[in-house]
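Visitor: I'm new to this structure and would like a close look at one part of it. Could you take me to the aromatic rings and show me how they sit in the chain?

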Amino acid sequence: MELWDIYDKDRALKPGVIVRGTDMKPNDYHLVVSVCVFNREHKMLIQKRQPFKTGWPGMWDITAAGSAVAGENSAMAAGRELFEEVGIKHDFSELRPYFTMNFRHGFDDFYLIEKEVDETALTLQKEEVERVTWADEETILSMIDGGTFIPYYKDLIRLIFHMGPELGAHTR
(Lines give C-alpha, C1' and ligand atoms only; values in the text may rest on other atoms or scores of the structure.)
Protein backbone atom coordinates (compact mmCIF):
# COMPACT_ATOMS: atom_id res chain seq x y z
CA MET A 1 0.00 0.00 0.00
CA GLU A 2 1.49 3.32 -1.10
CA LEU A 3 0.69 6.44 0.91
CA TRP A 4 0.88 9.99 -0.45
CA ASP A 5 1.11 13.28 1.39
CA ILE A 6 -1.70 15.72 0.65
CA TYR A 7 -1.05 19.34 -0.35
CA ASP A 8 -3.17 22.41 -0.88
CA LYS A 9 -3.07 24.48 -4.09
CA ASP A 10 -0.07 26.43 -2.78
CA ARG A 11 1.87 23.21 -2.05
CA ALA A 12 1.46 23.56 1.69
CA LEU A 13 1.34 20.16 3.38
CA LYS A 14 -2.09 19.28 4.73
CA PRO A 15 -2.71 16.91 7.65
CA GLY A 16 -3.13 13.24 6.85
CA VAL A 17 -2.22 11.01 3.92
CA ILE A 18 -4.11 9.32 1.11
CA VAL A 19 -3.77 5.76 -0.18
CA ARG A 20 -2.71 5.54 -3.83
CA GLY A 21 -5.75 4.82 -5.97
CA THR A 22 -8.16 6.55 -3.60
CA ASP A 23 -10.16 9.42 -5.11
CA MET A 24 -8.68 12.78 -4.23
CA LYS A 25 -10.99 15.28 -2.52
CA PRO A 26 -11.54 18.67 -4.16
CA ASN A 27 -8.63 21.02 -3.38
CA ASP A 28 -6.36 18.11 -2.37
CA TYR A 29 -3.24 17.49 -4.45
CA HIS A 30 -0.28 15.12 -4.52
CA LEU A 31 3.30 15.38 -5.75
CA VAL A 32 4.73 13.64 -8.81
CA VAL A 33 8.29 13.85 -10.12
CA SER A 34 9.68 13.34 -13.61
CA VAL A 35 13.38 12.92 -14.32
CA CYS A 36 14.96 13.34 -17.75
CA VAL A 37 18.55 12.12 -18.05
CA PHE A 38 20.62 13.50 -20.95
CA ASN A 39 24.05 12.48 -22.17
CA ARG A 40 26.78 14.69 -23.70
CA GLU A 41 25.26 14.10 -27.15
CA HIS A 42 22.04 15.70 -25.82
CA LYS A 43 20.09 12.47 -26.13
CA MET A 44 17.57 11.53 -23.47
CA LEU A 45 17.53 8.12 -21.83
CA ILE A 46 14.01 6.80 -22.43
CA GLN A 47 12.30 3.74 -21.02
CA LYS A 48 9.82 1.30 -22.50
CA ARG A 49 7.09 0.48 -20.02
CA GLN A 50 6.28 -3.17 -19.41
CA PRO A 51 3.34 -4.49 -21.50
CA PHE A 52 1.51 -5.54 -18.31
CA LYS A 53 1.94 -2.13 -16.61
CA THR A 54 -1.25 -0.25 -15.78
CA GLY A 55 -1.31 3.07 -17.60
CA TRP A 56 0.42 3.35 -20.97
CA PRO A 57 1.46 -0.34 -21.19
CA GLY A 58 4.23 -1.09 -23.68
CA MET A 59 4.80 2.57 -24.53
CA TRP A 60 8.02 4.56 -24.38
CA ASP A 61 8.38 7.27 -21.73
CA ILE A 62 10.92 9.72 -20.33
CA THR A 63 13.71 8.37 -18.10
CA ALA A 64 11.76 7.97 -14.84
CA ALA A 65 8.66 9.33 -13.14
CA GLY A 66 6.35 8.60 -10.26
CA SER A 67 4.56 9.84 -7.19
CA ALA A 68 6.31 11.00 -4.05
CA VAL A 69 5.43 8.80 -1.10
CA ALA A 70 4.43 10.17 2.30
CA GLY A 71 7.35 11.87 4.01
CA GLU A 72 9.34 12.52 0.82
CA ASN A 73 10.08 15.89 -0.66
CA SER A 74 10.47 16.39 -4.39
CA ALA A 75 14.23 15.82 -4.50
CA MET A 76 14.00 12.65 -2.41
CA ALA A 77 11.27 11.27 -4.69
CA ALA A 78 13.31 12.09 -7.82
CA GLY A 79 16.32 10.19 -6.50
CA ARG A 80 14.25 7.21 -5.41
CA GLU A 81 12.28 6.96 -8.67
CA LEU A 82 15.39 7.24 -10.85
CA PHE A 83 17.17 4.53 -8.86
CA GLU A 84 14.13 2.22 -8.58
CA GLU A 85 13.16 2.36 -12.24
CA VAL A 86 16.51 2.37 -14.03
CA GLY A 87 19.18 1.85 -11.37
CA ILE A 88 20.82 5.28 -11.66
CA LYS A 89 22.05 6.88 -8.43
CA HIS A 90 21.97 10.67 -8.42
CA ASP A 91 22.01 13.17 -5.56
CA PHE A 92 19.10 15.60 -6.03
CA SER A 93 19.45 17.16 -2.56
CA GLU A 94 20.95 20.41 -3.88
CA LEU A 95 18.74 20.58 -6.99
CA ARG A 96 15.43 22.28 -7.56
CA PRO A 97 13.01 21.17 -10.25
CA TYR A 98 13.57 22.88 -13.59
CA PHE A 99 9.85 23.47 -13.85
CA THR A 100 6.55 22.22 -12.47
CA MET A 101 3.50 21.21 -14.47
CA ASN A 102 0.22 21.39 -12.63
CA PHE A 103 -2.33 18.69 -13.36
CA ARG A 104 -5.83 18.03 -12.11
CA HIS A 105 -4.82 16.37 -8.84
CA GLY A 106 -1.31 17.56 -8.27
CA PHE A 107 2.06 18.95 -9.19
CA ASP A 108 4.64 17.30 -11.47
CA ASP A 109 8.20 18.51 -10.79
CA PHE A 110 10.56 18.01 -13.75
CA TYR A 111 14.27 17.47 -13.18
CA LEU A 112 16.71 17.59 -16.10
CA ILE A 113 20.18 16.17 -15.47
CA GLU A 114 23.21 15.30 -17.57
CA LYS A 115 24.82 11.97 -16.76
CA GLU A 116 26.84 9.52 -18.80
CA VAL A 117 25.53 6.02 -18.23
CA ASP A 118 25.85 2.75 -20.11
CA GLU A 119 22.26 1.73 -20.74
CA THR A 120 23.29 -1.92 -21.09
CA ALA A 121 24.64 -1.94 -17.52
CA LEU A 122 21.55 -0.53 -15.79
CA THR A 123 19.37 -2.48 -13.37
CA LEU A 124 15.80 -2.05 -14.60
CA GLN A 125 12.76 -2.42 -12.37
CA LYS A 126 11.14 -5.57 -13.82
CA GLU A 127 7.66 -4.56 -12.67
CA GLU A 128 7.79 -1.31 -14.64
CA VAL A 129 10.58 -1.10 -17.23
CA GLU A 130 11.11 -3.46 -20.17
CA ARG A 131 14.17 -1.71 -21.63
CA VAL A 132 15.89 1.65 -22.13
CA THR A 133 17.67 3.44 -24.96
CA TRP A 134 19.02 6.89 -25.84
CA ALA A 135 16.91 9.06 -28.17
CA ASP A 136 17.19 12.53 -29.62
CA GLU A 137 14.38 15.07 -29.78
CA GLU A 138 13.29 14.25 -33.33
CA THR A 139 13.13 10.53 -32.59
CA ILE A 140 10.89 11.09 -29.58
CA LEU A 141 8.63 13.45 -31.54
CA SER A 142 8.35 10.83 -34.30
CA MET A 143 7.54 8.17 -31.71
CA ILE A 144 4.74 10.37 -30.34
CA ASP A 145 3.39 10.76 -33.89
CA GLY A 146 3.66 6.99 -34.38
CA GLY A 147 1.81 6.21 -31.17
CA THR A 148 4.70 4.38 -29.50
CA PHE A 149 5.64 7.13 -27.00
CA ILE A 150 3.29 8.44 -24.32
CA PRO A 151 1.43 11.33 -25.98
CA TYR A 152 3.08 14.23 -24.18
CA TYR A 153 2.50 17.60 -25.75
CA LYS A 154 5.18 17.81 -28.40
CA ASP A 155 6.01 21.35 -27.33
CA LEU A 156 6.73 20.02 -23.83
CA ILE A 157 9.26 17.58 -25.28
CA ARG A 158 10.78 20.42 -27.33
CA LEU A 159 10.98 22.60 -24.20
CA ILE A 160 12.68 19.84 -22.22
CA PHE A 161 15.29 19.38 -24.95
CA HIS A 162 15.86 23.09 -25.40
CA MET A 163 16.09 23.86 -21.66
CA GLY A 164 18.12 21.05 -20.29
CA PRO A 165 20.16 21.36 -18.22
CA GLU A 166 19.93 25.19 -18.03
CA LEU A 167 17.76 26.84 -15.36
CA GLY A 168 15.60 29.85 -16.11
CA ALA A 169 13.35 31.22 -18.81
CA HIS A 170 16.05 33.08 -20.78
CA THR A 171 18.72 31.86 -23.16
CA ARG A 172 22.29 32.73 -22.29
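Guide: Here is a walk from the whole chain down to its aromatic pairs, with one loop residue at the end.

Bear in mind that this is a predicted model. To get your bearings, the protein chain holds three helices and nine strands, and along the sequence they come in the order β-β-β-β-β-β-α-β-β-β-α-α. The C-alpha trace spans about 45 × 45 × 30 Å along its principal axes. A compact globule of 172 residues would have a radius of gyration near 16 Å, and the protein chain has 16 Å, so the two agree. Of those 172 residues, 45% are buried. Among contacts between residues at least 6 apart in sequence, 60% join residues at least 24 apart.

Now for the rings. Searching the whole structure turns up five aromatic pairs. One of them is F92 with Y111: the ring centres are 5.2 Å apart and the planes meet at 80°, and because an angle over 60 degrees counts as edge-to-face, that's what this pair is. Where do F92 and Y111 lie? F92 is in the loop between helix 1 (74-86) and strand 7 (99-103), while Y111 belongs to strand 8 (residues 106-114), so the pair ties together parts that are 19 residues apart in sequence. Are these two rings' residues buried or exposed? F92 has 2% relative accessibility, so it counts as buried, and Y111, at 1%, counts as buried too.

Another pair is F149 with Y152, and this one is tilted, with 6.1 Å from centre to centre and 55° between the planes. F149 counts as buried because its relative accessibility is 1%.

Rings can have other partners as well. R11 lies over the face of F107, 5.1 Å from the ring centre.

Let's finish at a loop residue that touches a Trp. N39 is in the loop between strand 3 (30-38) and strand 4 (44-49). With a relative accessible area of 7%, N39 is buried. A polar atom of the N39 side chain lies 3.0 Å from the backbone nitrogen of K43. Setting aside neighbours within four places in sequence, N39 is in contact with E114, K115, E116 and W134.

Terms used. Residues numbered from 1 in each chain as written. Predicted model: local features only at pLDDT ≥ 70, side-chain atom pairs only at ≥ 80, totals over all residues. Heavy atoms only, no water. Phe/Tyr/Trp six-rings, centres within 6.5 Å; stacked < 30°, edge-to-face > 60°. Helix = DSSP H or I, 4+ residues; strand = E, 2+ residues; numbered from the N terminus. Buried < 20%, exposed > 50% of the residue type's maximum accessible area, 1.4 Å probe, protein only. Lys NZ or Arg CZ within 6 Å of the ring centre and 35° of its normal. Rg over C-alpha atoms; globule rule 2.2 N^0.38 Å. Contact = heavy atoms within 4.5 Å. Polar contact = N/O pair within 3.5 Å; in protein donor to acceptor, adjacent residues only side chain to side chain.
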